[in-house]
Number of protein chains: 2
Amino acid sequence: MTATIREVAASARVSVATVSRVVSGSPHRVSEGTRNRVLAAVERLQYQPNLVARGLKKRVTHTIGLIVPDISNPFFPAIARGIEDVANRAGLAVLLCNTDEDLGKERSYLTLLRKRMVDGLIFATVGANTEHLRMLRRQHIPAVLIARAPDGVEIDAVLVDNRRGAREATEHLLRLGHQRIAFIGGPATVSPAKERHAGYRDALGGAGVRADPLLVVDGAFRAEGGAAAVGELLRRGVRFTAIIAGNDLMAIGAMEELRRRGRRLPEDVAVVGFDDIMFASLVEPPLTTVAQPTYRMGALAMERLLDLIGGGSRAPRRLVLDPQLVVRRSCGAGIERRPDVVRSNGDRIMKAEETAGT
Amino acid sequence: MTATIREVAASARVSVATVSRVVSGSPHRVSEGTRNRVLAAVERLQYQPNLVARGLKKRVTHTIGLIVPDISNPFFPAIARGIEDVANRAGLAVLLCNTDEDLGKERSYLTLLRKRMVDGLIFATVGANTEHLRMLRRQHIPAVLIARAPDGVEIDAVLVDNRRGAREATEHLLRLGHQRIAFIGGPATVSPAKERHAGYRDALGGAGVRADPLLVVDGAFRAEGGAAAVGELLRRGVRFTAIIAGNDLMAIGAMEELRRRGRRLPEDVAVVGFDDIMFASLVEPPLTTVAQPTYRMGALAMERLLDLIGGGSRAPRRLVLDPQLVVRRSCGAGIERRPDVVRSNGDRIMKAEETAGT
DNA sequence: TCTAGAATGGCAAACGTTTTCCATCCCGTT
DNA sequence: AACGGGATGGAAAACGTTTGCCATTCTAGA
């Protein structure tokens, strides 16, 4: 089908070793004349080195695995894009794996990726169970976690300061005069949900507002989860004038449900989300939310992974990025102001001067 | 690092050939006793066959390439998920490539994938230029196109009947009494944009309504494109009571711009989109749109690719799916009715009884 | 003219598999 | 007792590279 190094060697009347040396830019010097002969043969035969063979021999495949729960969840595509951009620039390819947060799938992908000799992998949002992560660590496969980093696993991670984000969002609502603020959070087992809940309590505590347990309800990190949570709040008959949601999908689901129940937004209920997915600005009213720099998180994770692959085997580091409160109209604040450091559609290029937090 | 077949052979006191035969389930029979010895050694050493070596030897990598313009464009994640689900079930892994519709990147990914010996590839939305697609065909690499299939390239494709979808959308608006219907389409060079425009004209012609060229404006397939197009329409001072947009992102951008200009939706202007991305139902008013079964398109493309890889080298086929008009409130029709055959979030499993169109 | 050593390029052994032959062994027939 | 043939498992040659080592050739200094 496609020419091999052997045929090139024959055509150029040199040994395969020589061909290898010129096409793979080995340090071994080869004279100008033969180099040109080889190059001519390469051109003539349209030779393309076989990367599988090379990978086998050199024990480096220039491939990484990207494990996400579900690429069609709008939180992940920008992360994936950030990863792919950096990976591509470094000559690595990205293998996409969807796990639905299922432990079995996570595990099977993990062994699959090992059998494929990937150079490293990125876990966007691991499930709660972590025993397979330890295995990963034992096998010295370079890896970076994104968005969740369970305690006790010694793996690099790129995170966002969820607690602080939720605190700032809650403080914003308090500043607007709200006292009865409901919190509809994600599943209580995952760390970001816990951290955001903690941030919410921090803010209430700081303002001397009583934290009413009736105002807190857990749910799935999806639109239906938000709708269901609102249903639960109303069923409890508890009074509230604002909601802070575990993420934007929940916020959007909550807004729909509130409207269906005849509440006006934001007059009757103010709503704040988390993530700043692309559509947060497009719903009506535009959603006030805590922005995570998803593209940048992907890019940073990939850069860190490149370090690790390159042998930088320093102690695992956690990179904690600062979230950004983006005030739009759903919280009832008059101003529509969007800080321009926040990820926008075009924000693909990493700006070097941006500080990366702690 | 990890055990090789050689070590297993030594540990089981058999030859590597025998180990290979038992772990790769070769047809060659091996006695119960030795099989067990081998299996025990495999277990003992935690042996995992090296897929790179196997790929090199068998000339099959169980990997496909997925080429998309931008995974963070909300049209693609569901497609990718459909592909990955089917691929994973068949034991193949998916390499993700973002091209930004840049011809250079498309080309370089193409040669990269070939060097990596992928078993096949899926092109979601090729750019306008097609010369590199011919190359692909020449090299007999199994491939399937999604959503766009330029004329003259003999490659399998999974498409949607854009013309019909746009016609039905326009007819719906006509039925609601609109006569001045603007069309804000995608870039005039890409086939779906052209087809949708044709469908729009079909409907007008069928109803005996004059097609006013002033009502047609092209733009980019993005929210800003829609906003800009609305700006252009207003600048022209042309009267219109409805807009049909090239895709949902444009429709959403158009809606935002209309509102900013003080138009009420849908009372002053009715809007219809195309695609039914996840957020079409979440904007306000919920967007009437022509649904493309994206998850299913991905799944079908992957199934077709599996056929091709399996040697089904029949003449290239084009699978044309029927789009579905989803009526919500943005068109001003009172009813909110969503046909349940349409892709919803949970619609991951392909329903066999669904007809696939022509 | 001789020789040391740099420059150049070839040989062959890997990398971890699969698979084609081929050699035994064992069994039942004649 | 000889033998044909099915079962079983081993040896070795691939797959397409890279790279350590060695053999030349060439240059320059004596």
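Me: Where is P285(A) found?
Reply: P285(A) sits in the loop between strand 9 (270-275) and strand 10 (288-291) of chain A. Helices (H or I, at least four residues) and strands (E, at least two) are DSSP runs numbered from the N terminus.

Me: What is the peptide bond from E284(A) to P285(A) like, cis or trans?
Reply: The bond is cis, with omega near -5 degrees. Most peptide bonds are trans.

Me: Before I go on, what kind of model is this?
Reply: It is predicted: local features need pLDDT of at least 70, side-chain atom pairs count only at pLDDT 80 or more, and totals for chains, interfaces and linings use all residues. Residues are numbered from 1 along each chain as its sequence is written, while chains are lettered from A and ligands numbered from 1 in the order in which they are written.

Me: OK, chain B. What joins L265(B) and P266(B)?
Reply: A cis peptide bond, with omega about 0 degrees. P266(B) is in the loop between helix 11 (248-260) and strand 9 (270-275) of chain B.

Me: And D275(B), is its phi positive or negative?
Reply: Phi of D275(B) is positive, near 120 degrees, and D275(B) is not a glycine. D275(B) belongs to strand 9 of chain B. Most residues other than glycine have a negative phi.

Me: New topic: the DNA. Which residues come nearest to strand C?
Reply: S15(A), A17(A), I5(B), A17(B) and S20(B), out of 28 residues around DNA strand C. Near means that the C-beta atom, placed from the backbone, lies within 6 Å.

Me: Which helices supply that surface?
Reply: From chain A, helix 2 (16-23), helix 3 (32-45) and helix 4 (51-58) each give at least two residues. From chain B, helix 1 (5-12), helix 2 (16-23) and helix 4 (51-58) do so. Helix 4 of chain B gives the most, 5 residues.

Me: How do the residues near strand C divide by class?
Reply: 11 are nonpolar, 10 polar and 7 charged. Nonpolar is Ala, Val, Leu, Ile, Met, Phe, Trp, Tyr, Cys and Pro; charged is Asp, Glu, Lys and Arg; the others, Gly among them, are polar.

Me: Now strand D. Which residues come nearest there?
Reply: I5(A), A17(A), S20(A), N50(A) and S15(B) come nearest, of the 27 residues around DNA strand D. Helix 4 of chain A has the largest share of this surface, 5 residues. Helix 1 and helix 2 of chain A also supply at least two residues each, as do helix 2 and helix 4 of chain B. The classes come to 11 nonpolar, 9 polar and 7 charged residues.

Me: How many residues of chain B are in contact with chain A?
Reply: 34 residues of chain B are in contact with 34 residues of chain A. Contact means C-beta atoms, placed from the backbone, within 7 Å. On the chain B side, helix 4, helix 5 (76-89), strand 2 (93-98) and helix 6 (103-115) give two or more residues. That side has 20 nonpolar, 7 polar and 7 charged residues.

Me: What turn lays chain B on chain A?
Reply: A turn of 180 degrees, with a shift of 0.0 Å along the axis and an RMSD of 0.1 Å. That is the relation of a two-fold axis. The same surface serves both copies, since 100% of the contact residues of chain B recur in chain A. Superposition is by least squares on C-alpha atoms of residues with pLDDT of at least 70 in both.

Me: Back inside chain A. At what angle do helix 1 and helix 2 cross?
Reply: Roughly 105 degrees, and the axes of helix 1 and helix 2 of chain A come within 8 Å. So helix 1 and helix 2 of chain A are roughly perpendicular. I5(A), R6(A), V8(A), A9(A) and A12(A) of helix 1 meet V16(A), T18(A), V19(A) and S20(A) of helix 2. By class, this contact has 6 nonpolar, 2 polar and 1 charged residues. Axes are lines fitted to C-alpha atoms over the stretch in contact, with angles from 0 to 180 degrees between N-to-C directions.

Me: And how far apart are the axes of helix 5 and helix 12 of chain A?
Reply: They are 7 Å apart, where helix 5 (76-89) and helix 12 (294-309) of chain A pack at about 40 degrees. Helix 5 and helix 12 of chain A are therefore oblique to each other. Under 35 degrees is roughly parallel, over 145 roughly antiparallel, 65 to 115 roughly perpendicular, and the rest oblique. The contact of helix 5 with helix 12 has 11 nonpolar, 3 polar and 4 charged residues.

Me: What about helix 10 and helix 11 of chain A?
Reply: Helix 10 (223-236) and helix 11 (248-260) of chain A pack at about 50 degrees, with axes 6 Å apart. That makes helix 10 oblique to helix 11. Their contact divides into 10 nonpolar, 4 polar and 3 charged residues.

Key: Two residues are in contact if their C-beta atoms, placed from the backbone, lie within 7 Å.
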